[in-house]
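Let's take a walk through this protein chain, one piece at a time. Keep the sequence and the 3D view open while you read.

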Amino acid sequence: MKPDEALRCRDLYRFFRAGDEETLALRGVSLQVGRGETVAVAGPSGSGKTTLLNCLAGLDEPAGGAVTIGGEQISHRPERSRARIRSRRLGILLQSGNLLAHLSVRDNIRLAQAAAGRRPAQAPEELLEQVGLARRARAVASELSGGELARAGLAVALSNSPDMLLADEPTGELDGVTEQVVLELIQDRAAGGHGVLVVTHSAVVMRIADRVIRLHDGRIVA
Ligand SMILES: Nc1ncnc2c1ncn2[C@@H]1O[C@H](COP(=O)(O)OP(=O)(O)OP(=O)(O)O)[C@@H](O)[C@H]1O
């Protein structure tokens, strides 16, 4: 893997079996994302976007192929190893939010940093400052607006200076202006050296991405 590569996957296959029926959710997907690069993944419902994201994040195991994050292979390893790589090398941003509801934004960041088990490069206050949320450090999720929640989620996802940020519809519920602000923030942060892969239906996200990858029936078609 080249030093400027944040993520690489080769020939990913994933099947699901329900009774007699077999779905080929991923059929040989290969891609790479460079440091500082933002790649959008688009495609119709059922094309395999979420399955791909889960395999890249080590939350699901591909039946075939391999995933490497920051030079370290995450696929085909025991869950403990995958969890360690996830917490040190990946930031994961989901539409459902990545904050624990009973903890303040600051404590959510602290928890993510403690899970990585090494000295964090940035203090929670600094991360919150960078996403424009310094004044809401003590708030819990239910006290935040949609835009603030997206910023808080981003601060948590970036809390261990990941090699790669993986996001699933991170701006899905936001209005156009807030969406633009959060995306600019994601890109700004990416300039700091990690790669970004965003699963999205949003034309705004596709416009700001450096590249758009289109999935159809589990294959990259463009
Ligand atoms: N756990 C599962 N068991 C069986 N089939 C599954 C499972 N998860 C996904 N699939 C199937 O795999 C295919 C890809 O699903 P996936 O959720 O990755 O698509 P998607 O592109 O993310 O769709 P959407 O945009 O609707 O979220 C679909 O046909 C889906 O029904």
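V41 has V199 in strand β8 as its bridge partner. Strands here (E, at least two residues) and helices (H or I, at least four) are DSSP runs, numbered from the N terminus. A quick word on what you're looking at: this is a predicted model, where local features need pLDDT of at least 70, side-chain atom pairs count only at pLDDT 80 or more, and totals for chains, interfaces and linings use all residues. Residues are numbered from 1 along each chain as its sequence is written.

**The mixed sheet**

Back to the strands. β3 (residues 38–42) and β8 (residues 195–199) run parallel and are joined by four bridges. T38 sits opposite V196 in β8. β3 also pairs with β9 (residues 211–216), again in the parallel sense and over four bridges, and there A42 stands opposite R214. Two strands count as paired if DSSP finds at least two bridges between them.

Zoom out and you get an open sheet of six strands in the order β6-β7-β8-β3-β9-β10, with mixed pairing. Each of the edge strands, β6 (90–94) and β10 (219–220), has a single partner strand, so one side of each has no neighbour in the sheet. Strands of a sheet pair through backbone hydrogen bonds, either parallel or antiparallel.

**What's packed inside**

Is β3 mostly covered or mostly open? Mostly covered: four of its five residues are buried. A residue is buried if 20 or more other C-beta atoms lie within 10 Å of its own, exposed if 12 or fewer, and partly exposed in between, with C-beta atoms placed from the backbone.

V41 turns up again in the largest nonpolar core, which has 56 residues; V41, L56, A155, L166 and V198 are the ones with the most contacts inside it. Helix α5 (residues 146–157) gives the largest share of this core, seven residues. A nonpolar core is a set of buried Ala, Val, Leu, Ile, Met, Phe, Trp, Tyr and Cys residues joined through C-beta atoms within 7 Å. In soluble globular proteins, nonpolar side chains tend to be buried together.

Leaving aside neighbours within four places in sequence, V41 is in contact with K49, L52, L197, V198, V199, I213 and L215. Contact means that the C-beta atoms of two residues, placed from the backbone, lie within 7 Å.

**The antiparallel sheet**

There's another open sheet, made of four strands in the order β2-β1-β4-β5 with antiparallel pairing. Here β2 and β5 (72–73) stand at the edges with a single partner strand each, so one side of each is left without a neighbour in the sheet. β1 and β4 (residues 64–69) run antiparallel and are joined by five bridges, and R10 has A66 in β4 as its bridge partner.

**Three residues to find**

Now try spotting these in the 3D view.

| Residue | Where | C-beta atoms within 10 Å | Status |
|---|---|---|---|
| D11 | strand β1 | 13 | partly exposed |
| H76 | loop between β5 and α2 | 14 | partly exposed |
| R89 | helix α2 (residues 79–89) | 23 | buried |

D11 has a phi near 55 degrees, a positive value in a residue other than glycine. H76 also isn't a glycine, and its phi is positive at about 55 degrees. As for R89, if you skip its neighbours within four places in sequence, its contacts are I69, G70, E72, P162, D163 and M164. R89 and D217 are 128 residues apart in sequence and 29 Å apart in space, C-alpha to C-alpha.

**Around the ligand**

Which residues are around the ligand? They are F16, A18, T23, A25, G43, S45, G46, S47, G48, K49, T50 and T51. Each has its C-beta atom, placed from the backbone, within 6 Å of the ligand. The elements giving two or more residues to this shell are β1 (5–18), β2 (21–34) and α1 (49–56), and α1 gives the largest share, three residues. By type, the shell has three nonpolar residues, eight polar and one charged. In that count, Ala, Val, Leu, Ile, Met, Phe, Trp, Tyr, Cys and Pro are nonpolar, Asp, Glu, Lys and Arg are charged, and the others, Gly among them, are polar.
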